[in-house]
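Visitor: I'd like a close look at one part of this model, the place where two helices of one chain pack together. Could you walk me through that contact and then put it in context?

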Amino acid sequence: MILACIIGILMGGGLLALLLGQWNKNLSRWIALCTLLTGFIALVAFWIDQHHADNIHPSTTWMIDYRHDWIPSFGISFHLAIDGLSLLMLVLTFFLGILAVLCSWNDVKERVGFYYFNLLWILAGISGVFMAMDLFLFYFFWEVMLIPMYFLIGIWGSENRVYAAYKFFIFTQASGLLMLLAIIGLYFIHGNNTGIYTFNYFELLGTAISPPIAFWLMMGFMIAFVVKLPIVPFHTWLPDAHSEAPTAGSLILAGLLLKTGAYGILRFVLPLFPEAARELATWAMLFGVIGIIYGAILAYSQTDLKRLVAYTSVSHMGFVILGIFAFNELALQGVVMQLVTHAISTGALFILAGMLKERLHTRDINHMGGLWTQMPQMGAIGMLFAMASLGLPGLGNFIAEFLILLGAFKANIWLTVIATVGLIFSAIYSLRIVQKVFLGPSERPDQVRDFSFREIVVMAALTLSIIWLGLYPQPVINTVKPMINKLEHVFLTGNKSVQKGNHQATPSNAHKYIVKK
Amino acid sequence: MSGNDFFALTPLLLLAGSSVLIMLLIAIKLSHRVIQLGSLLLFTVAFSSLFYIQKLLPYHIDPLLVIDGFSVFIMGLIIFSGLVVNILSYIYFEEKEESPKEYYVLLFLCTLGACVLAVSKHFISLFLGLEILTVGLYALIAYLRVRHHNIEAGIKYLVLAAFSSAFLLFGMALIYLQTGSMEFSIIARSLTSLQSLPPLFLTGLGMMLVGVGFKLAVVPFHMWTADVYQGAPAPVTAFIATASKGGVFAVLFRFFIMIDGFRFKVVMLILICIAVASMIIGNLLAVQQKNVKRILAYSSIAHLGYLLVAFIPGSMMSIKAVSFYLMAYFITTLTAFGIVTVLSNKETDAEDIESYKALFWQHPVLACIFSSALLSLAGIPLTVGFVGKFYILAAGLQAGFWVIALILVISSVIGLYYYLRIITTMFAGQKSILSEGKKANPIFYMVSIIALSALSLLIIWFGVYPSGAMDFMGYFKLK
């Protein structure tokens, strides 16, 4: 029930912000903030609770399972469940949601109610994606987050916003529809095999599909996820959307929307189609490596700060795909770490870019320079996150990328070697950010103000978390460990019988440990 | 005819009687408001009579008519759209130069014609219904007779509809020649033993498809659509797009299910070609348009193509998918044209896409209603259009039509582009060029907006919670 409440509270808060925003702009800001804070505190409390419980039953995969019939004639249910991965992503969603509200506090002056409505509904869609265990419901949430994001970019974005909003929407919608086809295909194949027509994830897990069909169905899912992630040939929507979106929009795009793609691969593609995924592995890793190098080179050649950061996302997401298709625990743990740390470090860089834009009215890094002397606080924070982005030990990204490379090395040595080169590129572009923006001769004689109190709060939260993840990542690793272990198990023992056993075990597992909340 | 027959025909009799009553009312009191309210009441009565006859179903009035769950459902949709068009017509025609009283008589006749189509199981009743509908529409389309576009649209529709009726008649005659009957079930019986269609029958069926294709405006018989949609008064356009197409589609569907036309390869191939062409060409042509009525016209071509995708498998799922999608399409299209109607002013309809600029900030309620309709047409979740599209895809994929489903997906992505363009226009800019609401009739303006809000709530309600409607449609049987 708590899971449905999470979505309900976001949607309700959004509506409230929209309605009350007519009378008082500040009210809708506070409503949005309170909604997110409530959710965040509830989730963190649950996480800590669960952490203690984990020591008692270490084998629990599914923490909460909530199910309610929705469209019974199609076997569609409103089925939400979370395991460690989902919980982690939910916490991240609310954390970044709070920051998104805070960093658009003074940015957005017009149509405030509608703005926070969209923001909260995007977060509701994303939370739904991280919790849905019914494929129809998953697709439903997958699409629900698009419309408000479209409005967010299209209404509050910068000059070229309409084009960017179109591109974002059409890319994701087209790929999503292909996923819908694959979902319906899977539904009928499972129904014809067993006579039970259902969209339930746990039931569909053990579906026996002939290899060529499995490959095409998997591609239907993959296309939706790699467009969101994005992987190189499908990445062109990303720089436009990121650079035109308002700061909070970029933060959510980079921090959360991209993660839904990786989450989808981990949750759906690998468990549903293990054989087909193994066949695709080499190619996927290759595209991952191409993404790492290509993204980094393009990032280096950008002059627009937001576009630069956007391309670094392409590069970092290459690591994610590389790690996922290495199929071993080390790499998968690294992937999860990368999802969290990238959300924080790139989110921070986008917020910084937004703050610079607000102060200097430009995103062109050629018009910046020497800002450290005027804004020492921002300079220091910018330096820190640039270092995080290049993978400096002691900060979260280092752990993530190190684990991924370690795991991928076992799977494919040469591709990993090339991917490692990407780290050098990332050092180059990260240092270029610092050099061009904060160091060098000052371009502007006029005074630029440093952080305000609100901005200090935002940045402090991000800084603390990235350092925490760099020094003590164990809570994150422990939380997702059961889920990762099970996933690895599917791939270690490749034969069908184990998969069947796994399929048998999963739903019973889920129901045995239902936590009534 | 027995008493029960009359009882089963109550909705049709009520509609026919209403047109006479309204005519009498015109003779007594020549007030637009009274006539409008009167016809609103009569529409409501006709609509509620559908619930009343539920317990009789299914009821056959041999040889012409059959009243079963499906036909009552389609009649419900048609009368409902007549009702909505009736509500919207007041503020539209009140400020126009033409006296709008006879308009309501014609509206009843057209609704009657469409309903007859929905219940017919015989070529005679089919043709009768079609002609009642079409003749009424000629007048309705050209109702504002001093305007060039209206006259042009009326003449165009007249010529093409007469032409297509001729095709239809000739096709019927050929089928009659082959099978010796005009009743669907007897035609079906004479086909049961055949493996492939005899050439004469095939020719007849082909000619009928031409005739019906014109009415449904599927490619390649779609040329008239955009002009007629643009020229006709906005409420009439809403009626053409919904009731007229729905009735014709229902009878076509019943005919194909009854003769089991889906087992003949040639027929299937023709239908597949029509469906694919309608989806692709309809959506592609809409991309270029700058006129909202024309955009909706082309999008309706594409939507008929989508409907054919559910139609082609001819399975049990098809019936449900077609019923659900028709409902979705009716509600959504009525909402969209309703907004066009409400925003139209004395001189012109609100058809130029530029006139929707900044609607979000000027009339947030109207803009939200319109957005929900457009998103539903585009098939985005939370709206009924999405569930409908899902249903269609499921019906197609269940029968293994992967390629058509893929084409549907691709063409609906093209469709997304122009729906989004209208939405983008609505929140672009700061100042609306539309006039500030209808000051002349504030009450009816409010009533129209309330009706449209109710429709958009229906769009969202069935988008979130479709299982009630789905269960209801589970009982439809056509054979």
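Guide: Here is the helix pair, followed by the chain around it and the partner chain.

Keep in mind that this is a predicted model. The pair to look at is H1(A), residues 2-20, and H4(A), residues 112-131. Packed helices are usually described by two numbers, the angle between their axes and the distance between the axes. For this pair, the axes come within 7 Å and cross at roughly 170 degrees. An angle over 145 degrees counts as roughly antiparallel, and H1(A) and H4(A) are therefore roughly antiparallel to each other.

Now for who touches whom. On the H1(A) side the contact includes A:Leu3, A:Ile6, A:Ile7, A:Leu10 and A:Met11, and also A:Gly13 and A:Gly14. Facing them, the H4(A) residues include A:Phe114, A:Tyr116, A:Phe117, A:Leu120 and A:Trp121, along with A:Gly113, A:Ser127 and A:Gly128. Sort the residues of this contact by character and you get 17 nonpolar, five polar and no charged.

Step back to the whole of chain A and you find 21 helices and two strands. Its radius of gyration is 22 Å, close to the 24 Å that the globule rule gives for 517 residues, so chain A is as compact as a globular protein of that length. If you want box dimensions, the C-alpha trace spans about 75 × 60 × 45 Å along its principal axes. Buried residues come to 59% of the 517 in this chain. As for contact order, take the contacts in chain A with a separation of 6 or more: 80% of them are between residues 24 or more positions apart.

The two strands deserve a stop too. E1(A), residues 64-71, and E2(A) run antiparallel and are joined by seven bridges. Within that pairing, A:Asp69 sits opposite A:Ser77 of E2(A). The hairpin has four residues between its strands, and A:Gly75 takes a positive phi near 70 degrees there. E2(A), which covers residues 76-82, is mostly covered, with six of its seven residues buried.

For something less enclosed, try A:Arg432, which belongs to H18(A), residues 413-437. A:Arg432 counts as partly exposed because it has 17 C-beta neighbours inside 10 Å; the buried class starts at 20. Its C-alpha atom is 9.8 Å from that of A:Ile365, a residue 67 positions away along the chain.

Finally, the partner. Chain B and chain A each put 23 residues into the contact between them. On the chain B side, H17(B) (384-398), H18(B) (402-427) and H20(B) (467-473) each supply at least two residues. H18(B) gives the most, with 10 residues. The chain B side of this contact divides into 17 nonpolar, five polar and one charged.

Chain B itself has 20 helices and two strands. Its radius of gyration of 21 Å is close to the 23 Å from the globule rule for 479 residues, so chain B is as compact as a globular protein of that length. Its C-alpha trace spans about 65 × 55 × 40 Å along the principal axes, and 57% of its 479 residues count as buried. Among chain B contacts between residues at least 6 apart in sequence, 80% join residues at least 24 apart.

Key
Residues are numbered from 1 along each chain as its sequence is written. Chains are lettered from A and ligands numbered from 1 in the order in which they are written. This is a predicted model: local features need pLDDT of at least 70, side-chain atom pairs count only at pLDDT 80 or more; totals for chains, interfaces and linings use all residues. A residue is buried if 20 or more other C-beta atoms lie within 10 Å of its own, exposed if 12 or fewer, and partly exposed in between; C-beta atoms are placed from the backbone. Two strands pair if DSSP finds at least two bridges between them. The radius of gyration is taken over C-alpha atoms; the globule rule is 2.2 Å times the number of residues to the power 0.38. Two residues are in contact if their C-beta atoms, placed from the backbone, lie within 7 Å. Axes are lines fitted to C-alpha atoms, for helices over the stretch in contact, and angles run from 0 to 180 degrees between N-to-C directions. Angles under 35 degrees count as roughly parallel, over 145 as roughly antiparallel, 65 to 115 as roughly perpendicular and the rest as oblique. Ala, Val, Leu, Ile, Met, Phe, Trp, Tyr, Cys and Pro count as nonpolar, Asp, Glu, Lys and Arg as charged, and the others, Gly among them, as polar.
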